[in-house]
Amino acid sequence: MATPRSAGRYRWRHCVVGSSGLRCARRPFSSSRSNTTLHSLNLGGHISTEPRINDRIRVPEVRLVGPAGEQVGIVKIDQALQLAREHDLDLVEVAPMARPPVCKLMDYGKFKYEAAQKARDSRRNQTNTVIKEMKLRPKIDEHDYETKKGHVVRFLKAGDKVKITIMFRGREQSRPELGFNLLKRLADDVTEFGFIESAPKQDGRNMLMVLGPTKKKTEARLDEKVERDRRMAERAAAQEAERQLEADMRAQAPSVAAKKKRGPADNMDPDIDL
């Protein structure tokens, strides 16, 4: 017997027997109830990435490692917790997938602090490749060329790559050698700070070339830090020398006696007989 197409959208509710035979009432299928049931069955929560410590370790025995890294051996969990309390340390599960799990006695708060410091230092020292861009024209003026070259040198000193773009307009497109010669001149001028990483090539109306720095990003940052510290030391030394000079000048100056307060009689002619 074929099932009606609409049967899948209804749910049997109840059946009664009457004079005309068996009658069953149907009601529409409610998807919200099924969704609610599925949501109620989803009992999962946030999965913690923190290791289990102390009383959260629920295994009968563990392989214990001492505070200095020495191997204690396989001990009962109660004995491991007792040792942690005696040393005023935490019992941390470092290898939960091992059989039995490996636990270590350590100061968990200090361990988390040192791990956060290492992560912050690694993020600070990581290098991100940055490509700067400098655009020139084939008939660029000499002063403008020197200014652009100064920017390129500054980028290369900072450890960044530089993409040089020569823009052609109109009839300049029929003279690509102008752009090539300009790029070659620029590469020769900055050869102390960078090298040609990508040779000049034509790209539509433009000609491109990429210069790479001779120093890595970390080395450039280190040199910049050393230079900054040197300037700060020189500035502090100059200020200290200036203060010392002022102090010596005040010490060598003769003491000026206190002047007598002048009155009205001091302004009169001494020959006048009062």
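Q: How far apart, in helical turns, are Y108 and F111 of helix 3 (residues 108–125)?
A: In this predicted model, local features need pLDDT of at least 70 and side-chain atom pairs count only at pLDDT 80 or more, while totals for chains, interfaces and linings use all residues. Residues are numbered from 1 along each chain as its sequence is written, and side-chain values use heavy atoms, leaving out hydrogens and water. Helices (H or I, at least four residues) and strands (E, at least two) are DSSP runs, numbered from the N terminus. Y108 and F111 are three residues apart in helix 3, so their separation is about one helical turn.

Q: How many aromatic pairs are counted?
A: Rings of Phe, Tyr and Trp (its six-membered ring) pair if their centres lie within 6.5 Å; planes under 30 degrees apart are stacked, over 60 edge-to-face and the rest tilted. The count under this rule is one.

Q: Is the pair of Y108 and F111 stacked or edge-to-face?
A: The ring centres of Y108 and F111 are 6.3 Å apart. With 25° between the planes, the pair is stacked.

Q: Is Y108 buried or exposed?
A: Buried means under 20% relative accessible area, exposed over 50%, and partly exposed in between (1.4 Å probe, protein chains only). F111 is partly exposed at 41%. The relative accessibility of Y108 is 11%, so Y108 is buried.

Q: Within what arc do the buried residues of helix 4 fall?
A: Y145, K149, V152, V153, F155 and L156 are buried in helix 4. They line one face of the helix, because, seen down its axis, they fall within an arc (directions from the axis to the C-beta atoms) of 160°.
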